[in-house]
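The following paragraphs guide the reader through a structural model, beginning with one sheet and ending with the relation between chains. Please keep the sequence and coordinates at hand while reading.

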Protein chains: 2
Amino acid sequence: MNQDKNKTALQELNGIEQPDSLSKEALNKVLYQRKQQPTPETLVAQILEGNKTALSRAITLVESTQAAHQEKANSIIQSCLPKANRSIRIGITGVPGVGKSTFIEAFGKYLTSIGKKVAVLAIDPSSSISHGSILGDKTRMEELVKDENAYIRPSASGNTLGGVARKTRETIILCEAAGFDTIIIETVGVGQSETAVHSMVDFFLLLKIAGAGDELQGIKRGIMEMADAIIINKADGDNVAKAKLAKTEFNRALHLFPTKKSQWTPTVSTCSAYEKKGIEDVWETITKYINLVKDNGYFEENRRNQNQFWMMETINEQLKLDFYNHKQVMALLEQNKKALQNNEISPFAAALNLLEAYYSK
Amino acid sequence: MNQDKNKTALQELNGIEQPDSLSKEALNKVLYQRKQQPTPETLVAQILEGNKTALSRAITLVESTQAAHQEKANSIIQSCLPKANRSIRIGITGVPGVGKSTFIEAFGKYLTSIGKKVAVLAIDPSSSISHGSILGDKTRMEELVKDENAYIRPSASGNTLGGVARKTRETIILCEAAGFDTIIIETVGVGQSETAVHSMVDFFLLLKIAGAGDELQGIKRGIMEMADAIIINKADGDNVAKAKLAKTEFNRALHLFPTKKSQWTPTVSTCSAYEKKGIEDVWETITKYINLVKDNGYFEENRRNQNQFWMMETINEQLKLDFYNHKQVMALLEQNKKALQNNEISPFAAALNLLEAYYSK
């Protein structure tokens, strides 16, 4: 309205000039954030180009507990799937002190030197408490972290091994889609984490050191039977003779084990990750294994079984979660457990009590 | 109404005499059946007196799939519980051909000779197909079956290991209430049955023979690490030297395994069940073990853990049964499995599809 036309009390004076409601600063911030959070489509395109920043962002979405993030993550994984599944997945375990980081650093550097692209992941359900006990500190792999053809990601955090394992499995898909052809998954000999890692890799490697007492080697029972190779690390200096003796002993022990479904006979070798000795042999062993199992069909069979295993695990975990969080079940659980411990009720009768409460909802 | 009083058309003539609606024969039959099927209270009283016929009848109720029988079984178990839990439970495994029956016969006879009351049960999920491959034929234990202080029961049949295992666990309770102080549970090295047996016994014994190839010894991986004792059977005649050599080898292998939670160091010994040599030593080993674990608290701890394990197993099995028998889940399962095998979907996404269908009921 033109103020000069109607000189009445109804007119308004022009006020002072107002600043833009959208300041340039704020606008830039929003634009920056939009740039920070690309669409799933953009992320997928970038991942397929091998962009590590995009890969990291997608993994962060996978690890997020927010529903919106999970939805995005699911769509990214779905789009990456056709380009995934083309790598060798290697699990590495060993108690703290056997030199896992030094080994992975040396092994990873060797792999990139022969043209491989290496992703290093970790499963450590304890890391949410200890704030990343393994791989949390990337500086432990100084050389590898700077390597253009390597990608290192600390363990996802989470309260359950199932949750951490799922995130790691989905991270494998993303890494493969980003062109990483060798995936190393590290775990520490705690709880059920080796079983989880064993169920998502093609080759399982157990790292040991010679001459250490049983306490130090105190890795979970059953791990030795899972191993496709036992590597006795720190075979350097005064340790060489001890390592060789340990090799003989493990070889003797392994031949007492039954034949593996893969038809592979587990190997024992020594190495010094520190002196970078014996690293090449490890890769040679893995190559031999992969050739064998790709020939006899076990490679594909194993991956198919692993896929089905993880589908069923996810279902099972959810069913249990729903059950044990059910109000009436929660109300009855402790008293039934107590009666069970006092032999006042049989395990089956206790289970029936709880199941009745659950299904009567 | 008296027909002589009112001679009208409304009256009725007496018909011919009707036979008793309940014939004497039928009555006897019912009475006989009632006698055949005593009340739960009667069965419990008889079981507690050590009556083997009552024990067998109760076990038959436990094994029945009829709801009425299961209800009776549950009430019997509940009443037997306070008198149960006072035995040594021993698991015995070994591939066919190692002489399990001969060993159990010799071992059982030795135990009764020193005043023990021995019950021999079996877990063989395959027996419903093969009609009782182990312990089906009691004549394989001719001496033991005639022994007043021994009780032999073939494996319960069933389609799932979980079902068979539950029935066996409940049978243990009944046997213990009947005064059997040594429970032997036999299994054959098939599928997950050793794991099931291991989860319900105090002591786990692996029977082997010397000199047999890996194929013959082809027992499931992980069994060796479960064993509290490895017994090399058939150490007789020409086999003695070979058995001794095998003993040395197994001893060497076992010391490479991590320490057991029970603090027990597994032992290796040779025996000849046929010549009844080395049988006494087996019992001595078990006695030593029991003393150790009763002292250090592991015996009780292990039984408590086993109870909780079986409660949770029963719940988990039921949850899965309900899930996989759900109409919508069944309709979607195959296509999701197929997509999974073709890497068109991630295990987690497939699981989500099925879970959504389940919970939308």
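In what order do the seven strands of the open sheet of chain B lie? In this predicted model, the order is β3-β2-β4-β1-β5-β6-β7, and the pairing is parallel. The edges are occupied by β3 (150–152) and β7 (267–270) of chain B; each has a single partner strand, so one side of each is left without a neighbour in the sheet. From one strand to the next, the twist averages 20 degrees.

The edge strand β3(B) can be followed in further detail. Strand β2 (residues 118–123) of chain B pairs with β3(B) in the parallel sense, over three bridges. Within this pairing, B:V120 has B:I152 of β3(B) as its bridge partner.

Helices lie across this sheet. Helix α5 (residues 100–113) of chain B lies across β1 (88–94), β2, β3, β4 (182–188), β5 (203–209) and β6 (229–233) of chain B. Its direction is at about 175 degrees to β4(B). Helix α8 (residues 161–177) of chain B lies across β1, β2, β3 and β4 of chain B, and runs at about 175 degrees to β2(B). The strand β3(B) is therefore an edge strand with a single partner strand, and it is among the strands that α5(B) lies across and among those that α8(B) lies across.

The next topic is the packing of helices in chain A. Two packed helices are described by the angle between their axes and the distance between the axes. For helix α2 (residues 40–48) and helix α4 (residues 67–80) of chain A, the axes come within 9 Å and cross at roughly 40 degrees. This angle makes α2(A) oblique to α4(A), and the crossing of the two helices is right-handed. On the side of α2(A), the contact is made by A:P40, A:L43, A:V44 and A:I47, while α4(A) contributes A:K72, A:S75, A:I76, A:S79 and A:C80. By class, the residues of this contact comprise six nonpolar, two polar and one charged.

It remains to relate the chains to each other. Two copies of a chain are related by a rotation about an axis and a shift along it. Here, a turn of 180 degrees and a shift of 0.1 Å along the axis lay chain B on chain A with an RMSD of 0.4 Å. The two copies are thus related as by a two-fold rotation axis. In chain B, the C-alpha nearest this axis belongs to B:A253, at 2.3 Å from it. Both copies use the same surface, as 100% of the contact residues of chain B recur in chain A.

Note on methods. Residues are numbered from 1 along each chain as its sequence is written. Chains are lettered from A and ligands numbered from 1 in the order in which they are written. This is a predicted model: local features need pLDDT of at least 70, side-chain atom pairs count only at pLDDT 80 or more; totals for chains, interfaces and linings use all residues. Side-chain values use heavy atoms; hydrogens and water are left out. Axes are lines fitted to C-alpha atoms, for helices over the stretch in contact, and angles run from 0 to 180 degrees between N-to-C directions. Helices (H or I, at least four residues) and strands (E, at least two) are DSSP runs, numbered from the N terminus. Angles under 35 degrees count as roughly parallel, over 145 as roughly antiparallel, 65 to 115 as roughly perpendicular and the rest as oblique. A crossing is left-handed if the near helix is turned anticlockwise from the far one by less than a right angle, and right-handed if clockwise. Contact means heavy atoms within 4.5 Å. Ala, Val, Leu, Ile, Met, Phe, Trp, Tyr, Cys and Pro count as nonpolar, Asp, Glu, Lys and Arg as charged, and the others, Gly among them, as polar. Copies are superposed by least squares on the C-alpha atoms of residues with pLDDT of at least 70 in both. Two strands pair if DSSP finds at least two bridges between them.
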